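Me: Hi! I've just pulled this one up and would like to talk it through. Could you start with the ground rules?

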Amino acid sequence: MGSIRIVKPGLFTTIQDNGRVGFQRYGMPVAGAMDDFSFRIANILVGNDQYEAVLEATFMGPTIEIGFDGFIAITGANMSPKLNGKEIKMWRSIQVRQGDVLTLAGASEGVRTYIAFSGGLDVPKIMNSKSTYVRGNLGGFKGRKLQEGDEIPVDTSNSKAEAGKYVSPGYIP
């Protein structure tokens with residue numbers, strides 16, 4: 001078991017998956033990732049189930065300290081990601097080590113960025129989903145957007161990641 005620690009939360013960073021499908025008749029919105037394609041591809045790149053929870057950053061990305069050895073993938077809006085101060089490419093699996101620092105800036109194109117972690121984020125499911133529903137103070141991490149100092153467990157025992165996975169440029173929206 002590893003973790004990630006939020007050094008800076010960005011503007012609006014939450015945990016999202018494919019949402020709470022089937023509970024609308026009870027007044028519960030689906031929530032979930034806004035960009036289904038990018039969210040699913042991020043998971044596939046790190047060997048997770050395509051619907052595993054990821055971080056969704058809106059407009060301005062977070063700074064995250066990595067607390068495990070494994071892989072990450074960043075898809076969606078281009079927030080100029082850097083690992084330990086060096087630019088890294090999006091839409092591919094990136095190997096990370098414990099103590100690495102991932103930094104994302106403001107979006108230069110698009111609105112939402114997705115960060116997947118090999119093994120998946122280990123937060124409880126509520127109504128079959130790990131998604132954050134901020135208005136309802138439900139799901140994700142304490143039912144709210146992420147804040148400085150939050151430490152989120154990552155289930156590294158479940159990792160099926162491998163190096164070298166990427167999306168060909170012609171398939172990137």
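Reply: Happy to. Two strands pair if DSSP finds at least two bridges between them. Strands (E, at least two residues) and helices (H or I, at least four residues) are DSSP runs, numbered from the N terminus. This is a predicted model, where local features need pLDDT of at least 70, side-chain atom pairs count only at pLDDT 80 or more, and totals for chains, interfaces and linings use all residues. Residues are numbered from 1 along each chain as its sequence is written, and side-chain values use heavy atoms, with hydrogens and water left out.

Me: Great. So how many bridges join E3 to E10?

Reply: There are 4, and the two strands run antiparallel. Glu56 has Tyr114 in E10 as its bridge partner. E10 is also joined to E5, by 6 bridges and again antiparallel; there, Asn78 is partnered with Glu109 of E10.

Me: What about the open sheet, which order do its strands take?

Reply: The 6 strands go E7-E6-E9-E4-E1-E11, with antiparallel pairing. E7 (86-87) and E11 are the edge strands, each pairing on one side only. Inside that order, E1 and E4 (residues 63-66) are joined by 4 bridges and run antiparallel. One pairing there is Lys8 with Thr63 of E4.

Me: Let's stay on E1. Is Ser3 buried or exposed?

Reply: Ser3 sits in E1, which covers residues 2-8. Ser3 is buried, because its relative accessible area is 15%; buried means under 20%, exposed over 50% and partly exposed in between (1.4 Å probe, protein chains only).

Me: And what does Ser3 touch?

Reply: Contact here means heavy atoms within 4.5 Å. Setting aside neighbours within four places in sequence, Ser3 is in contact with Glu65, Ile66, Gly67, Phe68, Glu151, Ile152, Pro153 and Val154. The side chains of Ser3 and Glu151 also share a polar contact of 3.0 Å. That term stands for a pair of N or O atoms within 3.5 Å; within protein, one must be able to donate a hydrogen and the other to accept it, and residues adjacent in sequence count only if both atoms are side-chain atoms.

Me: Switching to charges: how many salt bridges turn up in the whole structure?

Reply: The search finds 5, taking a salt bridge as a side-chain nitrogen of Lys or Arg within 4 Å of a carboxyl oxygen of Asp or Glu. One of them pairs the side chains of Glu65 and Arg5, at 2.7 Å from N to O. Glu65 belongs to E4 and Arg5 to E1, so this pair ties together parts that are 60 residues apart in sequence. Glu65 is partly exposed at 30%, and Arg5 is partly exposed at 31%.

Me: Any others worth a look?

Reply: Arg112 forms one with Glu56, the closest N and O atoms being 4.0 Å apart. This pair links distant parts of the chain, with Arg112 in E10 and Glu56 in E3, 56 residues apart. Arg112 is partly exposed at 27%, whereas Glu56 is buried at 5%. Asp150 and Arg144 also meet through their side chains, at 2.7 Å from N to O. Asp150 is buried at 7%, and Arg144 is buried at 18%.

Me: Now Lys130. Where is Lys130 found?

Reply: Lys130 lies in the loop between E10 (109-117) and E11 (151-154). With a relative accessible area of 11%, Lys130 counts as buried.

Me: What does the side chain of Lys130 make a polar contact with?

Reply: The side chain of Glu52, at 2.8 Å. In addition, a polar atom of the Lys130 side chain lies 2.8 Å from the backbone oxygen of Leu121. Beyond four places in sequence, Lys130 touches residues including Ile15, Asp17, Arg20 and Gly139.

Me: Last one, the helix. Which residues of H1 are buried?

Reply: In H1 (residues 36-45) they are Ser38, Phe39, Ile41, Ala42, Asn43 and Leu45. Their cover includes E2 (12-16), E3 (54-58), E5 (70-78), E8 (93-96) and E10. After H1 comes Gly47, with a positive phi near 80°.
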